[in-house]
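Visitor: I would like a close look at one part of this model, starting from a single residue and working outward. Please take me through it step by step.

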Amino acid sequence: MAILVAYDGKEQTKKALNYAIEESILRKTKVYVFSAIVSKDQLDADEELEVVNRYMDEAKAIGEEKGADLQTVISAGVPWKGILEAAERFECDMIVVGRAQNKSAFDRVVIGSVSDAVVRDAKCVVTIVQ
């Protein structure tokens with residue numbers, strides 16, 4: 001049993017991270033903090049990795065402060081696919097995602113959202129933190 005939380009350092013995912021940590025402590029299980037590198041250009045990907053490493057360090061610090069068993073996972077590619085693959089690989093029984101508050105209806109229809117894709121295709125419980 002484990003919990004996977006998608007984290008990108010933004011406010012809505014910080015709420016999801018805190019929720020996942022609290023749940024992991026209650027359930028006495030590990031929490032995996034997931035983020036994806038989406039840049040296709042190597043220079044951009046290197047810069048993005050630096051940013052991702054900073055907020056993964058932040059997630060580790062929050063987890064340590066609260067006494068959670070926490071591990072970070074960074075993957076390259078489409079975020080929702082990476083989330084689902086990581087949840088399966090680590091045998092997670094729950095995925096926690098934040099929901100973006102600033103997307104327009106057009107963005108959700110044309111671009112879609114990570115949380116919508118995860119909910120649609122997950123093989124375990126998905127909790128969306130508003």
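Guide: Lys15 is partly exposed, because its relative accessibility is 41%, which falls between the limits of 20% for buried and 50% for exposed. This is a predicted model, so the values here are computed from predicted coordinates. Lys15 sits in helix H1, which covers residues 11-27. Apart from neighbours within four places in sequence, Lys15 is in contact with Val129 and Gln130. Val97 lies 82 residues from Lys15 along the chain, yet their C-alpha atoms are separated by 9.0 Å.

The helix that holds Lys15 also packs against another helix. H1 and helix H2 (residues 42-66) meet at an angle of about 35 degrees, and their axes are 11 Å apart. Their crossing is right-handed. On the H1 side, the contact is made by Lys14, Leu17, Asn18, Ile21, Glu22 and Ile25. On the H2 side, Glu58, Ala59, Ile62, Gly63 and Lys66 take part. By type, the residues of this contact are five nonpolar, two polar and four charged.

Next comes the sheet. Five strands form an open sheet with parallel pairing, in the order S3-S2-S1-S4-S5. Strand S3 (70-76) and strand S5 (125-129) are the edges, each pairing on one side only. From one strand to the next, the twist averages 25 degrees. H2 packs on this sheet, where it touches strand S2 (30-37) and S3. The direction of H2 makes about 165 degrees with that of S2. At the S5 edge, strand S4 (residues 94-98) runs parallel to S5 and is joined to it by five bridges. In one of these pairings, Val96 has Thr127 of S5 as its bridge partner.

Val96 also belongs to the largest nonpolar core, which has 20 residues. Val5, Leu17, Val31, Val33 and Val96 touch the most other members of that core. S1, H1, S2, H2 and S4 each give two or more residues to this core, and the largest share, five residues, comes from H2. Leu17 therefore has two roles in this account: a residue of the H1 contact with H2 and a member of the core. For Val31, the contacts beyond four places in sequence are Ile3, Val5, Ala20, Ile21, Ser24, Asp69, Leu70 and Gln71.

A second, separate core has 16 residues, including Ala6, Ile83, Val97 and Ala122. Val97 is the residue already met at 9.0 Å from Lys15, C-alpha to C-alpha. Ile83 is found in helix H3 (residues 79-89), and it counts as buried because its relative accessibility is 1%, below the 20% limit. Outside its nearby sequence, Ile83 is in contact with Leu4, Ala6, Phe34, Ile95, Val114 and Val118. Val38 is 45 residues away from Ile83 in sequence and 13 Å away in space, C-alpha to C-alpha.

H3 itself lies across strand S1 (2-6), S2, S3 and S4, and runs at about 150 degrees to S2. Its buried residues are Gly82, Ile83, Leu84, Ala86 and Ala87. Among the elements that cover them are S1, S2, S4 and helix H5 (114-121). After H3 comes Glu91, which has a positive phi near 55 degrees.

Terms used
Residues are numbered from 1 along each chain as its sequence is written. This is a predicted model: local features need pLDDT of at least 70, side-chain atom pairs count only at pLDDT 80 or more; totals for chains, interfaces and linings use all residues. Side-chain values use heavy atoms; hydrogens and water are left out. Helices (H or I, at least four residues) and strands (E, at least two) are DSSP runs, numbered from the N terminus. Buried means under 20% relative accessible area, exposed over 50%, partly exposed in between (1.4 Å probe, protein chains only). Contact means heavy atoms within 4.5 Å. Axes are lines fitted to C-alpha atoms, for helices over the stretch in contact, and angles run from 0 to 180 degrees between N-to-C directions. A crossing is left-handed if the near helix is turned anticlockwise from the far one by less than a right angle, and right-handed if clockwise. Ala, Val, Leu, Ile, Met, Phe, Trp, Tyr, Cys and Pro count as nonpolar, Asp, Glu, Lys and Arg as charged, and the others, Gly among them, as polar. Two strands pair if DSSP finds at least two bridges between them. A nonpolar core is a set of buried Ala, Val, Leu, Ile, Met, Phe, Trp, Tyr and Cys residues joined through side-chain atoms within 4.5 Å.
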